[in-house]
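Ready for some practice in reading a structure? Keep the sequence and the 3D view open while you work through the tasks.

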Amino acid sequence: MNKLVVKIEMSGNRFNAWDSEGIKHTSEINNSTRKSAFKAGMALEKREGKTGKTYWWKVPMSEFEKSSAPVFNAEELAVPEDHAEILNFIHSSYSLKPELLVMKELKWKYLVRGAVRGKNILMTGPAGCGKTLAAKSLVGAMNRPDFYFNLGATQDPRATLIGNVHFDKKDGTYFSESLFVKAIQTENAVVLLDELSRAHPDAWNILMTVLDEGQRYLRLDEADGQATIKVAKGVTFVATANIGNEYTSTRVMDKALMDRFIIVEMDVLNDEEELGLLTYLYPNVDPELLKAVAEIANSTRVEASSEDGKFASGVSTRTSVEMAGLIFDGFGLDEAAEVCVYPQFDSSGGADSERTFIKQLVQKYVSDGTDENLFNEEEVGEESEAEYTS
Ligand SMILES: Nc1ncnc2c1ncn2[C@@H]1O[C@H](COP(=O)(O)OP(=O)(O)OP(=O)(O)O)[C@@H](O)[C@H]1O
Ligand SMILES: [Mg+2]
């Protein structure tokens, strides 16, 4: 028998219970049960006791989301071909997004749509904002064969993307093709090209024809221009790139290469979203501390994005997750900041350095406890002004 799980919604002063098919179950559940589930942000599942009596039990909201999973089953999906099916898939796909990935519904659907439509997708955004996580989550949601290549980590793009020439006494010289060659010959494969922006320019050149809509082939030996391998039907490329003004270490990607992609820009989380994520990951950590982490991260980002801001770049979500993890493991907020935040800020310039400024920012949360007004944008602004004029 299928589980019946309902979600409670408040309308006026009533707490209504709805199942995933939109059927109302309010009258079957007493008011205090509905109210307490609503307050706890939980769903209710109908269960049967030993005596056969039914009751409603609080379960995590994800149980409800599971029961309202897409009308059609992602398991059966390779690549939907019928338009109605494609529409259905794209627009119900938000439930396939893992909960731990924070990404707006529109962006996620745009990403899924790109994959369903066989586009080359380029995820962009600053370091540690979830590009790789989103790309991997997409692969997880698609139920298609997938291949992962970290192009930022390879020294030898030809070996990674094409293959190696070997010599063997018996067989003489022979060519062993790369996993990438296999990947692009696999129908409907999703091929992740992580850290494309950090790849060697040779890798970009090799990928030019592969990614080009009109060409879609890989040339095995660029020198004699002979053997080529066709990209199979339905292959989707998902690349990530750290493109942003402050990332000078990243090679500037070739415009022609960029042009071969649709761009999905990852949003940097605001403090509320950041806090939501940290709370989801570390529900047992003091909420005030998580709030401090989220606010510190957010303030640095705001500063970094303002023209005369003190910081060249802000604290990433990767770092704030790391901080929350340290706090979970018993480190203080100040200690967590000292080991994983301060080193990211330049200490040259002494009292005027980024390091000094970030320390002052963190200190506001450390010394005064939990008061919400602790961090005050204006105050920081004044401080930095004072420093400039002194
Ligand atoms: N939007 C997000 N939702 C959930 N977790 C996130 C998000 N952004 C960052 N994180 C956290 O930060 C970690 C790093 O994210 P990820 O590796 O996806 O970053 P990235 O954008 O690929 O960074 P880089 O540019 O350095 O490759 C994740 O493992 C996750 O814990
Ligand atoms: Mg990454």
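Here are four exercises on a predicted model, each with a worked solution.

**Exercise 1.** Find out how many residues surround ligand 1, and how they divide into nonpolar, polar and charged.

*Solution.* Step 1: Start at the ligand and collect its neighbours. There are 18 residues around ligand 1, and the closest are V102, G128, K131, T132 and L133.
Step 2: Sort the shell by type. It holds 10 nonpolar, five polar and three charged residues.
Step 3: Look for helices that take part. Helix 5 (131-142) and helix 12 (317-328) each provide at least two residues of the shell.

**Exercise 2.** Work out which polar atoms of V102, N242 and R318 approach ligand 1, using 3.5 Å as the cut-off for a pair of N or O atoms.

*Solution.* Step 1: Take V102, where a polar backbone atom is 2.9 Å from a nitrogen atom of the ligand.
Step 2: Turn to N242. Here a polar side-chain atom lies 3.0 Å from an oxygen atom of ligand 1.
Step 3: Check R318, whose side chain has an N or O atom 3.0 Å from an oxygen atom of ligand 1.
Step 4: Add the surface view. Ligand 1 taken alone exposes 630 Å², and the protein buries 84% of that.

**Exercise 3.** Describe the sheet of five strands: what is its order, and which strands are at the edges?

*Solution.* Step 1: Read across the open sheet. The order is 6-9-12-5-13, and the pairing is parallel.
Step 2: Find the strands that pair on one side only. These edge strands are strand 6 (146-150) and strand 13 (262-265).
Step 3: Follow the twist, which averages 20 degrees from one strand to the next.
Step 4: Zoom in on one pair. Strand 6 and strand 9 (residues 190-194) run parallel and are joined by five bridges; D146 has V190 as its bridge partner in strand 9.
Step 5: Add the helices. Helix 4 (residues 105-116) packs on the sheet and touches strand 5 (121-124), strand 12 (236-241) and strand 13, with its direction at about 155 degrees to that of strand 13. Helix 5 lies across strands 5, 6, 9 and 12, running at about 165 degrees to strand 12.

**Exercise 4.** Now try the sheet of four strands: is its pairing parallel or antiparallel?

*Solution.* Step 1: Trace the order, 2-1-3-4, in this open sheet; the pairing is antiparallel.
Step 2: Mark the edges, strand 2 (14-19) and strand 4 (54-59).
Step 3: Compare neighbouring strands, which are turned by 35 degrees against each other on average, direction ignored.
Step 4: Finish with strand 1 (residues 5-11) and strand 3 (residues 43-48), an antiparallel pair with two bridges. In strand 3, L44 stands opposite V6.

Terms used. Residues are numbered from 1 along each chain as its sequence is written. Chains are lettered from A and ligands numbered from 1 in the order in which they are written. This is a predicted model: local features need pLDDT of at least 70, side-chain atom pairs count only at pLDDT 80 or more; totals for chains, interfaces and linings use all residues. Side-chain values use heavy atoms; hydrogens and water are left out. A residue is near a molecule or strand if one of its heavy atoms lies within 4 Å of it. A polar contact is a pair of N or O atoms within 3.5 Å; within protein, one must be able to donate a hydrogen and the other to accept it, and residues adjacent in sequence count only if both atoms are side-chain atoms. Accessible areas come from the Shrake-Rupley method with a 1.4 Å probe; for residues, only the protein chains shown count as cover. Ala, Val, Leu, Ile, Met, Phe, Trp, Tyr, Cys and Pro count as nonpolar, Asp, Glu, Lys and Arg as charged, and the others, Gly among them, as polar. Two strands pair if DSSP finds at least two bridges between them. Axes are lines fitted to C-alpha atoms, for helices over the stretch in contact, and angles run from 0 to 180 degrees between N-to-C directions. Contact means heavy atoms within 4.5 Å.
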